[in-house]
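Work through the exercises below with the model open. Try each task before reading its solution.

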Amino acid sequence: MSEQRKKSGLSVRAVVATGIGAAVFFILMKYIAIPTGVPNTNVNVAEGWLALIAGLFGPVVGFLVGIIGHTLTDATYGAPWWSWVLADGVFGLLLGLSKRFLDLQGGDLTAKKLIQFNVWQIVANVVSWVIIAPIGDILIYKQPANKVFLQGIVAAIVNILSVAIIGSILIVAYVKSRPKKSSLRSE
């Protein structure tokens, strides 16, 4: 019965990770955002945090953390900007697909895996911020294309850097904090 329950929904661990992940994402996005000079576009260290959470817990948790965290942040300014909320959710989902090859829970983090992850996060950033967010802005909010594509390109660039630097540091730190498989021996 417990295996069947696990397969039908999120595990308790995933639910807790989603709650904590979204709360930290909200705090980082709300209080540690650096303006880029392009209206409504910031350098968000929250994206680096999302990289760690999604890499650890997978696409569903990554999606939920991105959606919930971004929605809460936008709500504090009045109302969620749904095209960008969706883009953050898709970004978390795409980053979560890296869970398999990163294998942060049980494997060793090699330079090759970290490079693969960073190539993948670049693709995820381009899909989310250069395609989904601007097209959503045009379709939902009737925003001018030149404005929203500029915002999307700037967001993609700064998020690529945020994940490459902060996300990579968090991933490396997490892996180094875990005991090696061979470090535990029976006596």
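## Exercise 1: a helix pair

The axes of α2 and α3 approach within 9 Å and cross at roughly 170°. This is a predicted model, where local features need pLDDT of at least 70, side-chain atom pairs count only at pLDDT 80 or more, and totals for chains, interfaces and linings use all residues. Residues are numbered from 1 along each chain as its sequence is written, and side-chain values use heavy atoms, with hydrogens and water left out.

Task: state how α2 and α3 are oriented to each other, and list the residues that make their contact.

Solution.
- Step 1. Recall the terms. Helices are DSSP runs (H or I, at least four residues), numbered from the N terminus. Axes are lines fitted to C-alpha atoms, for helices over the stretch in contact, and angles run from 0 to 180 degrees between N-to-C directions.
- Step 2. Apply the cut-offs. Angles under 35 degrees count as roughly parallel, over 145 as roughly antiparallel, 65 to 115 as roughly perpendicular, and the rest as oblique. The two helices, α2 and α3, are therefore roughly antiparallel.
- Step 3. List the contact (heavy atoms within 4.5 Å). From α2 come Arg 13, Ala 17, Gly 21, Val 24, Phe 25, Leu 28 and Met 29; from α3 come Ala 46, Glu 47, Trp 49, Leu 50, Ile 53 and Phe 57.
- Step 4. Sort by class. Ala, Val, Leu, Ile, Met, Phe, Trp, Tyr, Cys and Pro count as nonpolar, Asp, Glu, Lys and Arg as charged, and the others, Gly among them, as polar. The contact of α2 with α3 has 10 nonpolar, 1 polar and 2 charged residues.

## Exercise 2: a second pair

Task: describe how α5 and α7 cross, including the handedness.

Solution.
- Step 1. Take the geometry. The axes of α5 (residues 82–96) and α7 (residues 111–141) come within 8 Å and cross at roughly 160°.
- Step 2. Name the orientation. α5 and α7 are therefore roughly antiparallel.
- Step 3. Add the hand. The crossing of α5 and α7 is right-handed. A crossing is right-handed if the near helix is turned clockwise from the far one by less than a right angle, and left-handed if anticlockwise.
- Step 4. Sort the residues. The contact of α5 with α7 holds 17 nonpolar, 5 polar and 2 charged residues.

## Exercise 3: the core

Task: find which residues of the largest nonpolar core touch the most other members, and which helix supplies the largest share.

Solution.
- Step 1. Define the set. A nonpolar core is a set of buried Ala, Val, Leu, Ile, Met, Phe, Trp, Tyr and Cys residues joined through side-chain atoms within 4.5 Å. Buried means under 20% relative accessible area, exposed over 50%, and partly exposed in between (1.4 Å probe, protein chains only).
- Step 2. Read the members. The largest core has 34 residues, and Phe 25, Phe 91, Leu 95, Leu 104, Phe 117 and Trp 129 touch the most other members.
- Step 3. Trace the helices. α2 (12–31), α3 (46–57), α4, α5, α7 and α8 (145–177) each supply at least two residues of this core. The largest share, 8 residues, comes from α3.

## Exercise 4: buried polar and charged side chains

Task: for Glu 47, His 70 and Ser 83, give the helix and the contacts, leaving out residues up to four places away in sequence.

Solution.
- Step 1. Glu 47 sits in α3. Its relative accessible area is 1%, so Glu 47 is buried. Glu 47 touches Phe 25, Asp 88, Phe 91, Trp 129, Asn 159, Ser 162 and Val 163.
- Step 2. His 70 belongs to α4 (residues 59–75). At 4% relative accessibility, His 70 is buried. Its contacts are Phe 25, Met 29, Val 65, Trp 84, Val 85 and Asp 88.
- Step 3. Ser 83 lies in α5. Ser 83 is buried, at 2%. Its contacts are Ile 132, Ala 133, Gly 136, Asp 137, Ile 140 and Tyr 141.

## Exercise 5: positive phi

Task: locate Asp 103 and Lys 142, and decide whether each is buried, partly exposed or exposed.

Solution.
- Step 1. Know the background. Most residues other than glycine have a negative phi.
- Step 2. Asp 103 has a positive phi of about 50°. Asp 103 is in the loop between α6 (99–102) and α7. With 34% relative accessible area, Asp 103 is partly exposed.
- Step 3. Lys 142 has a positive phi near 55°. Lys 142 is in the loop between α7 and α8. At 66%, Lys 142 counts as exposed.
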